[in-house]
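Hi,

Here is the structure I said I would pass on. Have a look first, and my notes are underneath.

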Amino acid sequence: MPGDLTVGIHDLSVATTQYVLTHETLAGHNGTGVAKYHRGIGQRAMSVPAADEDIVTMAADAAAPVVARHGADRIRTVVFATETSVDQSKAAGVYVHSLLGLPSAARVVELKQACYSGTAALQFAMGLVHRDPSEQVLVIASDVSRYELGSPGEATQGAAAVAMLVGADPALVRLEDRSGMFTADIMDFWRPNYLTTALVDGRESISAYLQAVEGAWKDYTERGGRKLGEFSAFCYHQPFTKMAHKAHRHLLQHNGHAADEEEITRAIGHTTAYNVEIGNSYTASMYVGLASLLDHADDLSGEVIGFLSYGSGSVAEFFAGTVVPGYRARLRSDAHREAIGRRQQIDYARYRELHERSFPADGGDHPTPRETTGPYRLVGLSGHKRIYAAR
Ligand code: HMG
């Protein structure tokens, strides 16, 4: 492996849904004081997919501008991370590969381990680029987070996709090879194949997350990782933005620092701006946080960012990256703000209708209503096959 080869994120693009439900609307329906949502969990709104949107349409929406900017000649692998799989066999990335007209000389695969698999995809991509630096890997993380109506998790729903082009000599973030890892067999959050909403032990999931932060950091440190003081910012997985505060406070305290709120906000504040409005996007969430950080912080050129990826069940990984000078010219800040700002606000009844919507399993023709104004849509189901098209 050549010593001067740098590998990392060359481009980063975020897409979300057609609709948005505000926490004011949810609170108005269920009688919860809205302060619990705004301040208690740190959420103001959640993205809701239209009837003709899903993980594939969001993924293609996120990836299309990346392919338009860089071309597809060097993309020989597409790795799709999700826990909202649309098929038990076919990788969702194959539909994206087709919608974007990517070369047939490519491998496409789907990865799963709750919210962690976006990071597994990134690590997989880095390994491939180290093997052949002339290749680029399209990493996509796309998810719709769904909990039962009226459950405590309901307020932490959301949806988004992130597309990252991973390659040598990256324009945005150089990623380091050293990682700290942690795995524990724990039932804090899971979704059996026969359910469409996740099961969760809320309190248990928070302590499992914090235990994983500690475990991944311990392994990172034991492997000679950077010291806490070397990091300018931290991107955490954000099931709700307050969780990133809890996680960073835990990391500081674990390292013997008195954690004052100002210091925590300085370290993670810019990473939460998009997630506050989008909600939990599972595999995409931490990378939505990275987009938010790069789009909102003052010049981060040369600064080191820490990444803590967590997926229930549970697996966590801590790793570091350095922001590449000149990165600001390559950001997609306007497009990201536009994607979040253009969502149409829906009322509780419409949200409920979309939440309860499912396709009959009869193999018949089930077209979807035309709703999305995004570039791709799920046209419907026919003969048990999902049909997608450019809008
Ligand atoms: P809950 O029982 O509705 O809320 O569930 P609570 O009573 O615990 O209150 C939440 C916070 O709001 C508390 O703050 C309250 O004090 C505060 P905390 O003690 O935690 O600091 N609060 C208020 N603050 C200001 N003004 C008020 C007010 N009222 C209360 N008036 C819970 C909350 C997060 C458990 C629930 O939403 C849930 O079950 N969510 C889903 C699970 C989840 O997100 N877990 C996070 C860790 S696991 C993870 O990240 C993985 C995941 O993404 C899945 C994957 O990996 O695939 C979920």
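Below is what I found, starting with the sheet and ending at the ligand.

One thing before you dig in: this is a predicted model.

The sheet

Nine strands make up an open, mixed sheet, and their order across it is β5-β4-β6-β7-β1-β8-β13-β12-β11. The edges are β5 (107-111) and β11 (233-236), each with a pairing partner on one side only. From one strand to the next, the twist averages 25°.

If you want to zoom in at the β5 end, look at β4 (residues 75-81), which runs parallel to β5 and pairs with it over five bridges. There you will find A81 opposite L111 of β5. Helix α3 (residues 55-70) packs on the sheet, where it touches β1 (7-15), β4, β6 (136-145) and β7 (158-168). The direction of α3 makes about 30° with that of β7.

The core

In soluble globular proteins, nonpolar side chains tend to be buried together. Here the largest nonpolar core has 120 residues, and those touching the most other members are A59, A63, V96, I140, A161 and V162. Helix α3 supplies the largest share of this core, with 10 residues. V96 is a good one to click on: leaving aside residues up to four places away in sequence, V96 touches V56, A59, A60, A63, V78, F80 and I140.

Around the ligand

There are 29 residues around the ligand, and G40, A114, C115, G202 and P239 come nearest. Three elements give two or more residues to this shell: α2 (34-41), α6 (202-222) and β12 (304-311). Helix α2 gives the most, with five. By type, the shell splits into 15 nonpolar, 10 polar and four charged residues.

I spent a bit longer on C115, which sits in the loop between β5 and α5 (117-131). Is C115 buried or exposed? C115 counts as buried because 31 other C-beta atoms lie within 10 Å, and the cut-off for that is 20 or more. Its contacts, again not counting residues up to four places away in sequence, are H237, Y282, T283, S285, Y310, G311 and S312. C115 and P239 are 124 residues apart in sequence, yet their C-alpha atoms are 9.0 Å apart in space.

Have a click around C115 and V96 when you get a minute.

Cheers

Methods. Residues numbered from 1 in each chain as written. Predicted model: local features only at pLDDT ≥ 70, side-chain atom pairs only at ≥ 80, totals over all residues. Pairing = 2+ DSSP bridges. Helix = DSSP H or I, 4+ residues; strand = E, 2+ residues; numbered from the N terminus. Axes fitted to C-alpha atoms, helices over the stretch in contact; angles between N-to-C directions. Contact = placed C-beta atoms within 7 Å. Near = placed C-beta within 6 Å. Nonpolar A, V, L, I, M, F, W, Y, C, P; charged D, E, K, R; others polar. Core = buried A, V, L, I, M, F, W, Y, C linked by C-beta atoms within 7 Å. Buried ≥ 20, exposed ≤ 12 C-beta atoms within 10 Å, placed from the backbone.
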